[in-house]
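Thanks for sharing this one. Here are a few notes to read alongside the model.

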Amino acid sequence: GYTEGALAGDHAGDKDVFVMRIDTDGGVIWQQQFGGEGLDWTQGVDVDADGGVVLAGSTETASDGGRDLLVLAYDAEGQQRWTTRVGTDANDAVFEIRVRDGSIVATGNTAGDFGNPAGDRDAILVHLDLDGEVLAIEQFGTAEVDDLTGLDIAPNGTIVYSGYTSGTLAGDTAGGTDIFIGTMPGGPMIG
């Protein structure tokens, strides 16, 4: 999540990322605050095989323009392992994140160009390795607004995502904004 105050350290700016690990009785094991002078927030979280956490969000701090997508990793003791910021000259964000079988996948949106711009705001799937290196960013959408907001990975590795569109991705539109659900085999679709 995020805070506009000082919960686990000094407040650095607009909003700071805040993450806390608690035990089964609700006691705080550790908590961390991360940010710069701009807006920094996270929304999605997942736990890796070692008990660490990976967070998905967006940042204006040291961005390439607008907001950049932000992925952070902390180990099981609350020490920051790595930070990945990637962006275009427009607003970019990731909302959900999953760690499975040695890789990380996140869903989000961009108003910029990661290689396949389609319109106003496009859906993105971001693939990273366990060290935070971006393996691929898949961008797709319509001429309208398209966001990927949900994510899971099936036991067989199939990526299942959901989102919404103001355009027509496939089939008929019901008008206004429609939801959509999609799947793809595990791993990035490169090539």
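In what order do the four strands of the open sheet lie? The points below begin there; please keep in mind throughout that this is a predicted model.

1. **The four-stranded sheet.** The order is β8-β9-β10-β11, with antiparallel pairing, and the sheet is open. Its edges are β8 (92-100) and β11 (134-140), each of which pairs on one side only. From one strand to the next, the twist averages 20°.

2. **A closer look at β8 and β9.** Eight bridges connect β8 to strand β9 (residues 103-110), and the sense is antiparallel. If you would like a register mark to check on screen, V94 stands opposite G108 in β9.

3. **The hairpin of β12 and β13.** Further along the chain, strand β12 (residues 146-153) runs antiparallel to β13, joined by seven bridges. The two form a hairpin with five residues between them. Do look at G157 in that turn, where phi is positive, at about 95°. For the register here, L148 has G163 in β13 as its bridge partner.

4. **The other neighbour of β13.** β13 also pairs with strand β14 (residues 178-184), again in the antiparallel sense and over seven bridges. In this pairing, Y164 has I179 of β14 as its bridge partner.

5. **Two faces of β13.** Which residues of β13 lie on its covered face, and which on its uncovered one? In this strand (residues 159-165), I159, Y161, G163 and T165 are on the covered face, while V160, S162 and Y164 make up the uncovered one. This fits a general pattern: side chains in a regular strand alternate between the two faces of the sheet. The two register marks above thus involve both faces, because G163 belongs to the covered face and Y164 to the uncovered one.

6. **The overall fold.** Stepping back, the protein has 14 strands and zero helices, so the run of elements from the N terminus is β throughout. Among contacts with a separation of 6 or more, 41% come from residues 24 or more positions apart.

7. **Size and surface.** Does the radius of gyration speak for or against a compact globule? The value is 17 Å, which agrees with the figure near 16 Å for a compact globule of 191 residues. Along the principal axes, the C-alpha trace spans about 50 × 40 × 30 Å. Of the 191 residues, 48% count as buried. The exposed area is about 9,100 Å², and carbon and sulfur atoms supply 46% of it.

Notes
Residues numbered from 1 in each chain as written. Predicted model: local features only at pLDDT ≥ 70, side-chain atom pairs only at ≥ 80, totals over all residues. Heavy atoms only, no water. Pairing = 2+ DSSP bridges. Axes fitted to C-alpha atoms, helices over the stretch in contact; angles between N-to-C directions. Rg over C-alpha atoms; globule rule 2.2 N^0.38 Å. Buried < 20%, exposed > 50% of the residue type's maximum accessible area, 1.4 Å probe, protein only. Contact = heavy atoms within 4.5 Å. Areas by Shrake-Rupley, 256 points an atom, 1.4 Å probe, with all protein chains shown as cover.
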